Amino acid sequence: MTEKFSKEPADATPGDSSAQAQDPAPSAAPSAAPSTAPSTVTPSSGPAEAIKAIPVRHYGRWVSGVIVIALLLLVGYSFSQGDIQWGAVGDKLFDDTVVAGAGRTLLISVLAMVMGVVLGIVLAVMRLSKNPVTSGVAWLYIWFFRGTPVYLQLLLWFNLALIFPVLNLGPLYKDEMTDVMTPFLCALLGLGLNEAAYMAEICRAGLLAVDEGQTEASQALGMSQAKTLRRIVIPQAMRVIVPPTGNEFINMLKTSALVYAVTYNELLRSTSAIGSSSYAVMEMFFVAAIWYLVMTSVFSVFQFYLERRYARGSLRSLPATPWQKIKTNMLGLGRERGTA
């Protein structure tokens with residue numbers, strides 16, 4: 001069988017008319033083989049333009065922002081036109097009596113909070129105990145102090161002499177109850193014991209948040225139950241306990257105003273006494289409000305950094321500090337101006 005060879009020269013091009021004349025089947029070639037001709041590219045008239053992103057305008061945000069600012073300005077204007085001697089607020093802000101009252105407020109808040117935290121940890125361990133007696137006593141304590149108002153508890157301590165005129169501890173101590181239950185002690189017991197009930201539930205939640213495998217591993221290493229609780233469980237539970245504890249302390253600073261009822265001379269009582277004698281009642285209330293805002297703001301900053309410290313082992317990236325947020329916003333604003 002004789003093979004047929006193409007007579008088309010090797011250097012012939014697809015567009016050569018002589019090669020097309022020698023091809024016996026010129027119409028079948030384009031459909032059988034893919035075209036190798038280069039595609040036609042339209043030359044660009046210039047460099048590619050960058051895509052310009054146009055942000056969506058949220059008119060509702062602007063309207064709501066303007067309304068809120070207008071309301072704030074209206075409230076500020078109303079107070080400026082009211083019968084308030086703002087000069088008296090500035091004069092009495094650092095009065096010796098007011099500063100001393102703020103110091104006593106801070107003192108009773110710190111001592112009551114320390115008492116509440118220590119007793120709360122003990123009550124939380126008792127609640128988690130397998131002994132039904134200790135667990136039941138802890139539950140009864142929490143049930144009573146959480147179920148009655150702090151104001152009522154302060155009054156009970158203050159009027160305890162109506163039930164027990166004399167505090168008799170045998171050979172150890174004996175004295176009149178009115179001499180024992182001073183306003184400071186009534187305030188400390190009323191605030192501290194009440195706070196212990198709430199801290200017990202916070203600490204119990206933190207202890208239960210620790211994985212049971214941690215306890216089993218420590219017991220496998222030969223640690224006692226007390227050592228396991230002290231060195232393994234409590235350090236890990238602090239991550240859960242610290243945030244609500246800081247919130248409780250800030251709340252304690254404000255709740256301490258209730259010790260006004262037991263004649264303890266804290267911030268509110270000090271400012272009220274000055275207001276009654278100088279007839280600047282509302283002005284002294286503003287002074288007390290400024291001091292409370294300053295104290296709660298300062299301790300809110302401490303709470304943030306304390307939470308940030310205990311979050312190191314649980315978060316991949318720690319929350320930005322206020323300075324870091326300001327720095328980031330300033331850098332972002334600088335980039336936007338440079339881009340513009």
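Here's a quick briefing on the fold, one surface patch and one buried glutamate. Keep in mind that the model is predicted. The chain has 340 residues, 27% of them buried, and its secondary structure runs to 14 helices and two strands.

**Overall picture**
- Take the contacts between residues at least 6 apart in sequence: 70% of them link residues that are at least 24 apart.
- The chain's accessible surface adds up to about 23800 Å², and carbon and sulfur atoms account for 64% of that.

**The nonpolar patch**
- On the surface, W139, L140, W143, F144, L152 and L156 make up a nonpolar patch, with a combined accessible area of about 650 Å².
- Two elements, α6 (132-147) and α7 (150-158), each give two or more residues to this patch.
- Helix α6 supplies the largest share, with four residues.
- W139, one of the patch residues, sits in helix α6.
- W139 has a relative accessibility of 48%, so it counts as partly exposed; the cut-off for exposed is over 50%.

**A buried glutamate**
- E195 belongs to helix α9, which spans residues 183-209.
- E195 is buried but has no salt bridge.
- The nearest side chain of opposite charge to E195 is R146, and that one is 10 Å away.
- So what does E195 touch, once neighbours within four places in sequence are left aside? Its contacts are M113, G116, E248 and M252.

Methods
Residues numbered from 1 in each chain as written. Predicted model: local features only at pLDDT ≥ 70, side-chain atom pairs only at ≥ 80, totals over all residues. Heavy atoms only, no water. Buried < 20%, exposed > 50% of the residue type's maximum accessible area, 1.4 Å probe, protein only. Contact = heavy atoms within 4.5 Å. Areas by Shrake-Rupley, 256 points an atom, 1.4 Å probe, with all protein chains shown as cover. Patch = residues over 30% accessible without salt bridge, like charges linked within 9 Å, V, L, I, M, F, W, Y side chains within 5 Å. Salt bridge = Lys/Arg side-chain N within 4 Å of Asp/Glu carboxyl O. Lys, Arg positive; Asp, Glu negative; His and termini not counted.
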